[in-house]
Amino acid sequence: MNPSHRIDELIAGLSDWRGKTFAGVRKVILAADPEIIEEWKWMGSPVWSCDGMIAVANAHKEWVKLTFAHGAHLPDPDRLFNAGLDGNMRRAIDFFEGDKINERALKSLVRAAIDHNRSKLKKNGPKNPAPVRTATKARKSRKA
């Protein structure tokens, strides 16, 4: 089963307010950029990526948590982050029953995460560059 179908099943299994909130968060994330992909990691967590991880979501008993992998490095002028504020890497948004999703601000935060990922790629180069064949390696492979 592909990750998107697993996320569909997860949301369908949350028959209370958490399912609606989870679905709303997912909709906003996917609308932020057409290159965002959905993944399923860590034995049951939806993850959204675009040139690196953007965020992971989990439904807890009393809240839905959306954790941004590099949240500490993202501008948050609308002050969406309300959890994990003391960490030096991640930041999270905890959605509780009755909370409204600020779609515009969340979409801006997702786009900022993508920009951050892309700036890291430019700075560090590709993660797995193609192996460089030296003259010595080329000669050895021809002898074989």
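A hairpin of three residues connects strand S3 to strand S4 in this predicted model. The pairing of S3 (residues 53-59) with S4 is antiparallel and extends over five bridges. Within this pairing, Ala 59 has Val 64 of S4 as its bridge partner, and Ala 55 is placed opposite Phe 68 of S4. S4 also pairs with strand S5 (residues 91-96), again in the antiparallel sense, through six bridges. In that pairing, Trp 63 stands opposite Phe 96 of S5. Strand S4 spans residues 63-68, and five of its six residues are buried, so the strand is largely enclosed by the rest of the structure. The threshold behind this assignment is a relative accessible area under 20%.

These pairings belong to an open sheet of five strands, arranged in the order S1-S2-S3-S4-S5 with antiparallel pairing. S1 and S5 form the edges of the sheet, each pairing on one side only. Disregarding direction, neighbouring strands of the sheet are turned against each other by 25° on average. Helix H1 packs on this sheet and touches both S1 and strand S2 (45-49). The direction of H1 makes an angle of about 70° with that of S1.

At the level of the whole chain, the secondary structure consists of four helices and five strands. Along the sequence, these elements follow the pattern α-α-β-β-β-β-β-α-α. The chain has 144 residues, of which 38% count as buried. Its accessible surface comes to about 9200 Å², and carbon and sulfur atoms contribute 52% of that area. Among contacts with a sequence separation of 6 or more, 50% are between residues 24 or more positions apart.

The packing of H1 on the sheet can be followed at the level of individual residues, beginning with Pro 3. This residue lies in H1, which covers residues 3-13. Pro 3 has a relative accessible area of 28% and is therefore partly exposed, the range for that class lying between 20% and 50%. Beyond its neighbours within four places in sequence, Pro 3 is in contact with Glu 38, Glu 39 and Trp 40. Pro 3 and Pro 46 are separated by 43 residues in sequence, whereas their C-alpha atoms are 7.6 Å apart in space.

Glu 38, one of the contacts of Pro 3, is located in strand S1 (residues 37-41). Its relative accessibility is 12%, and Glu 38 therefore counts as buried. The side chain of Glu 38 takes part in polar contacts with two other side chains: that of Arg 26, at 2.7 Å, and that of Trp 48, at 3.0 Å. When neighbours within four places in sequence are set aside, the residues in contact with Glu 38 are Pro 3, Ser 4, Ile 7, Arg 26, Leu 30, Val 47 and Trp 48. Glu 38 of S1 is thus in contact with Pro 3, a residue of H1.

Conventions. Residues numbered from 1 in each chain as written. Predicted model: local features only at pLDDT ≥ 70, side-chain atom pairs only at ≥ 80, totals over all residues. Heavy atoms only, no water. Helix = DSSP H or I, 4+ residues; strand = E, 2+ residues; numbered from the N terminus. Buried < 20%, exposed > 50% of the residue type's maximum accessible area, 1.4 Å probe, protein only. Polar contact = N/O pair within 3.5 Å; in protein donor to acceptor, adjacent residues only side chain to side chain. Contact = heavy atoms within 4.5 Å. Areas by Shrake-Rupley, 256 points an atom, 1.4 Å probe, with all protein chains shown as cover. Pairing = 2+ DSSP bridges. Axes fitted to C-alpha atoms, helices over the stretch in contact; angles between N-to-C directions.
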